[in-house]
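Here are my comments on the model you sent, set out as numbered points. Please read them with the sequence and the coordinates open beside you.

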Amino acid sequence: MSTPASPPTYSYLGPAGTFTEAALKQVPEAAGAVWHSVNNVGEALADVVSGRSTAAMIAIENSVEGGVSATQDALATVPGLRIVGEYLVQVDFVLVARPGTTLDQVRVVNAHPVAYAQTHLWLEATLPGHGHLPATSNVAAAADLLAAPAGAGRADAAVAPPTITEHHDLDVLATEIGDNRNAVTRFVLVSRTVPVPPATGADKTSLIVELPEDGAGALVDMLEQFATRGINLSLIQSRPIGDALGRYRFVIDLEGHVLDERVADALLGLKRFSPNVIFLGSYPRADGRPVEVSPRNDDDAFVDARDWLRGLVAGSL
């Protein structure tokens, strides 16, 4: 008798209760699977590369702070990965403390650096002169309060997700402490390299592109590969390559799918232009909004142009 197949495993930045876990809950295929909590992006991607996990959910962009550099750098340096989906999570925070603690007793706050950046205006206004202890995750920041009693080098309170009290016995000192009420974090589900899914008409493509040289007009030359084909970029962010000053790679999200004629043509142009183009994937947009394309840049326009050229070569035109 054959042994039943074990359920797939998905890695995410834990522990339970993080915004990353909230993003993973949006993945239908992850229901009933094993969820593996990890401490950082590198560990999550290592799970995928080694085959320990089917995929990993990682944060890649925030509407307030921009791109997540640790994720962007990891995707640029770890081969054999593919983004297969994106998910959006509305972000807000609460300030929590050990039971019995009052707001006027808070001197040091534990918070993940990204969470701290999104709440620092409230914290500075409410707790002037407070200290900040960085945490590995939003939930870990709160859990650490219960790991040891208050004292030197310990935090008095923590910035955490609103659901934190479902997992830990903590008092909520303040709610809705985020500086931007419309803050959203974008997450991506990353697997090993797989075939590209069909285009839906509401897709996004992610790339990492290096400039061939540090010279005048190099960035414009790269951007023209998209502009001349009517491709809108929803994200472009530079990251240092690390081998010399002035050497950068660009993390790019564009509207469209690699199977769209205009996008495929742009990638061919980039491949001729750049010494290193990393295709991270084409996948459905989280918001489901169809990509608007002018008639001169739709698939029919590219096909007609190629047919015209073939006719010229064949002597039929």
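**Notes on the predicted model**

1. A nonpolar surface patch of about 570 Å² is made by W308, L309, L312, V313 and L317. Patches here consist of residues with over 30% relative accessible area and no salt bridge, with nonpolar side chains (Val, Leu, Ile, Met, Phe, Trp, Tyr) joined within 5 Å and like charges within 9 Å, and the areas come from the Shrake-Rupley method with a 1.4 Å probe, only the protein chains shown counting as cover for residues. One of the patch residues, L309, belongs to helix α9 (residues 299-314), and its relative accessibility of 48% makes it partly exposed; the classes are buried under 20% relative accessible area, exposed over 50%, and partly exposed in between (1.4 Å probe, protein chains only).

2. The basis of these notes should be kept in mind: this is a predicted model, in which local features need pLDDT of at least 70 and side-chain atom pairs count only at pLDDT 80 or more, while totals for chains, interfaces and linings use all residues. Residues are numbered from 1 along each chain as its sequence is written, and side-chain values use heavy atoms, with hydrogens and water left out.

3. As to the overall picture, the protein chain has nine helices and 15 strands, which are DSSP runs numbered from the N terminus (helices H or I, at least four residues; strands E, at least two). Its C-alpha atoms fill a box of roughly 85 × 65 × 35 Å along the principal axes, and 44% of the 317 residues count as buried.

4. A second patch, this one negative, is formed by E213, D214, D221 and E224; for charges, Lys and Arg count as positive and Asp and Glu as negative, His and the chain ends not being counted, and each charge is placed at NZ of Lys, CZ of Arg, CG of Asp or CD of Glu. Within this group, D221 lies in helix α7 (residues 218-227) and is partly exposed, with a relative accessible area of 38%.

5. Strand β6 (residues 94-97) has V94 and V96 pointing one way and L95 and A97 the other, and all are buried. It runs antiparallel to β9 (residues 157-160), to which four bridges join it, and also antiparallel to β10 (residues 171-174), through three bridges; two strands pair if DSSP finds at least two bridges between them. V96 has A158 as its bridge partner in β9 and stands opposite V172 in β10.

6. The structure holds 16 salt bridges, each a side-chain nitrogen of Lys or Arg within 4 Å of a carboxyl oxygen of Asp or Glu. In one of them, R186 meets E61 with the closest N and O atoms 2.9 Å apart; because R186 lies in strand β11 and E61 in strand β3 (residues 55-62), the pair ties together parts that are 125 residues apart in sequence. Both R186 and E61 are buried, and they belong to a network of salt bridges that links E61, E86, R186, K204 and D253.

7. Two backbone details deserve a look, given that most residues other than glycine have a negative phi and most peptide bonds are trans. The peptide bond from G14 to P15 is cis, with omega near 5°, and P15 sits in the loop between β1 (9-13) and α1 (19-24). E176, in the loop between β10 and β11 (184-192), has a positive phi near 50°.
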